[in-house]
Amino acid sequence: MRSILVTGGAGYIGSHVCKALAQAGFQPVTYDSLIYGHEWAVNWGPLEVGELSDGDRLDQVMRKYGPEGIIHLAAFAYVGESVSNPLKYYKNNVGGTISLVESAHRNGVKKFVFSSTCATYGVPKNVPIVESEPPHPVNPYGASKLMVERVLADCAVAYGLEWCALRYFNAAGADPACRIGESHDPETHLIPLIIDVAKGVRPHITIFGNDYDTPDGTCIRDYIHVDDLADAHVRALERLGSSLPTIINLGTGRGYSVLEVIDSVQAVTNNPILVEVGARRAGDPARLVSDPSLALDALGWKAQYVEIGPIVDTAWRWHCRESPA
Ligand code: UFG
C-alpha cells in the first residue's frame, strides 16, 4: 500500500488529512509527539509516537513504512506564545523540520507537502491576498513557517526535493460524521470559543476590538472547512513536481467578520451568545482573505464550504457529540 508519513496526524488538521488520504487509497502513517495531538484522533492508519528532533526514530519509521511522501503538519501554533517564547517556536517549527527533511533525504523520500499559514503575510497591503504578496510576518509563529518555506526551496535545488507549501487561512469546522474535530488545550480560536458560550461552558465571548476599518468594525477572516483543507493536501501530494507552484493559498476567498461569525453560531445553535467588547489583540490584521485562484488552477481545488453557516454547523455537532473524546 502507498504510505504517506503525516507529521502531526493526531492533530486537528492532520487527522482530517489522514482521513482524506485513506479515502484516496493511501495509508496515512501518523508521526506525532502527542504533546498537542490526541490518540483518539488517529483512525485511518498506524500511529508512531516520536519527536521531530529525534532523527533515529524518524529513520526507524521511514524504514518501517517506506513512505512515498511526507505531509508535514506538526508544529507549535499559538501565535501569542510564539511572541513570549520565540525560541520554542524556532526550535520546534524550524529545527524540527530540518531534522525531518534530513531524515527524508537519508531515506530517499522526495515528496513533501508543508502546512504553512497566511500568518506569513503579516499585515498584507492587498486583500484578497495573492501568493505574490510580499511576506512580512509580524510574529515568530509566522516567521518560523516562512523560514521553513525557504529551507524547502533550498533543499529542492540541492537535493531535488519536490515540495509545496499550503498557506492556510482560518481552519474551521469538523468531520460531518463527528469522528474528529477541533480540540485544543488551551483553546484560543474564535469559533470553538463562541460554541463554548452557546453551550454555557463560558460566560461570554470577548470581541478583540470593534474599531477596525471594516464595515462593522470587527476583524474579517477567511474561514475554511477542515475537510476542504485536507482535500487540497491530497491533491498537492498527487501533483508534486516541476509544474506545481510551491506556494499556494488555501481559503474560500470570502471573509466574515467576528460579529458575523457570532451571529452564525447563534443561528446554528439557537442559543443566545453574550458578547463583550474588549481591546484589540496585538498583531491582528483587520482583514485576511485569500485569493484562491491559484489553488483552482494548480490543484483543481475549490472550497466546497463557502458559507459560514454549514461550517459552524459541523463544528457545533462535533462539540455536542456524545463520545468522551
Ligand atoms: N477573536 C476574538 N475573540 C476571541 C478570539 C478571537 O475577537 O476570543 C477574533 C480575532 O481577533 C480574529 C478572529 O477572531 O480577528 C479569528 O481569531 P482566531 O484566533 O480564531 O484566528 P486567527 O485569525 O488569529 O489565527 C489563525 C490561525 C493561526 C494563524 C493566523 C494567521 O489560527 O494559526 O490565523 O493570522 F497564524
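This is a guided tour of a predicted model, moving from its ligand to its two sheets and then to a few points in its loops.

Before selecting anything, note that residues are numbered from 1 along each chain as its sequence is written, and that side-chain values use heavy atoms, with hydrogens and water left out. Because the model is predicted, local features need pLDDT of at least 70 and side-chain atom pairs count only at pLDDT 80 or more, while totals for chains, interfaces and linings use all residues.

**The ligand**

Select the ligand and display the residues around it, where a residue counts as near if one of its heavy atoms lies within 4 Å. There are 21 such residues, and those that come nearest are His 189, Leu 190, Thr 206, Arg 281 and Asp 284.

Next, look for polar contacts, meaning pairs of N or O atoms within 3.5 Å. A polar side-chain atom of Asp 284 lies 2.5 Å from an oxygen atom of the ligand, and an N or O atom in the side chain of Arg 281 is 2.6 Å from a ligand oxygen. At Phe 208 the partner is a polar backbone atom, which is 2.9 Å from an oxygen atom of the ligand. The ligand taken alone exposes 680 Å², of which the protein buries 90%, with accessible areas coming from the Shrake-Rupley method with a 1.4 Å probe.

Now colour the secondary structure, in which helices (H or I, at least four residues) and strands (E, at least two) are DSSP runs numbered from the N terminus. Helix H6 (190–199) and strand E8 (205–208) are the elements that give two or more residues to the shell around the ligand, and E8 gives the most, with four residues.

By residue type, the shell divides into 13 nonpolar, five polar and three charged; here Ala, Val, Leu, Ile, Met, Phe, Trp, Tyr, Cys and Pro count as nonpolar, Asp, Glu, Lys and Arg as charged, and the others, Gly among them, as polar.

If you then select domain 1 (2–172 + 224–250) and domain 2 (190–222 + 253–288 + 305–320), you will see that the ligand lies between them, because both give residues to its shell. These bounds come from an automatic or database domain assignment.

**The two sheets**

Select the seven strands that form an open sheet in the order E3-E2-E1-E4-E5-E6-E11, with parallel pairing; two strands pair if DSSP finds at least two bridges between them. Strand E3 (47–49) and strand E11 (247–250) stand at the edges, each with a single partner strand, so one side of each is left without a neighbour in the sheet. Within this sheet, strand E1 (residues 3–7) pairs with strand E2 (residues 27–32) in the parallel sense over five bridges, and Leu 5 has Val 29 in E2 as its bridge partner.

Move on to the open sheet of three strands, whose order is E12-E9-E14 and whose pairing is mixed. Its edge strands, E12 (256–257) and E14 (287–288), each pair on one side only. Strand E9 (residues 220–221) and E12 pair in the antiparallel sense over two bridges, and Arg 221 stands opposite Tyr 256 in E12.

**Points in the loops**

In the loop between strand E5 (111–117) and helix H5 (140–159), select Pro 128, which is joined to Val 127 by a cis peptide bond with omega about 0°. Pro 186, in the loop between strand E7 (170–172) and H6, follows another cis peptide bond, from Asp 185, with omega near 5°. Finish at Leu 34 in the loop between E2 and E3, where phi is near 65°, a positive value in a residue other than glycine.

How values were computed
A polar contact is a pair of N or O atoms within 3.5 Å; within protein, one must be able to donate a hydrogen and the other to accept it, and residues adjacent in sequence count only if both atoms are side-chain atoms.
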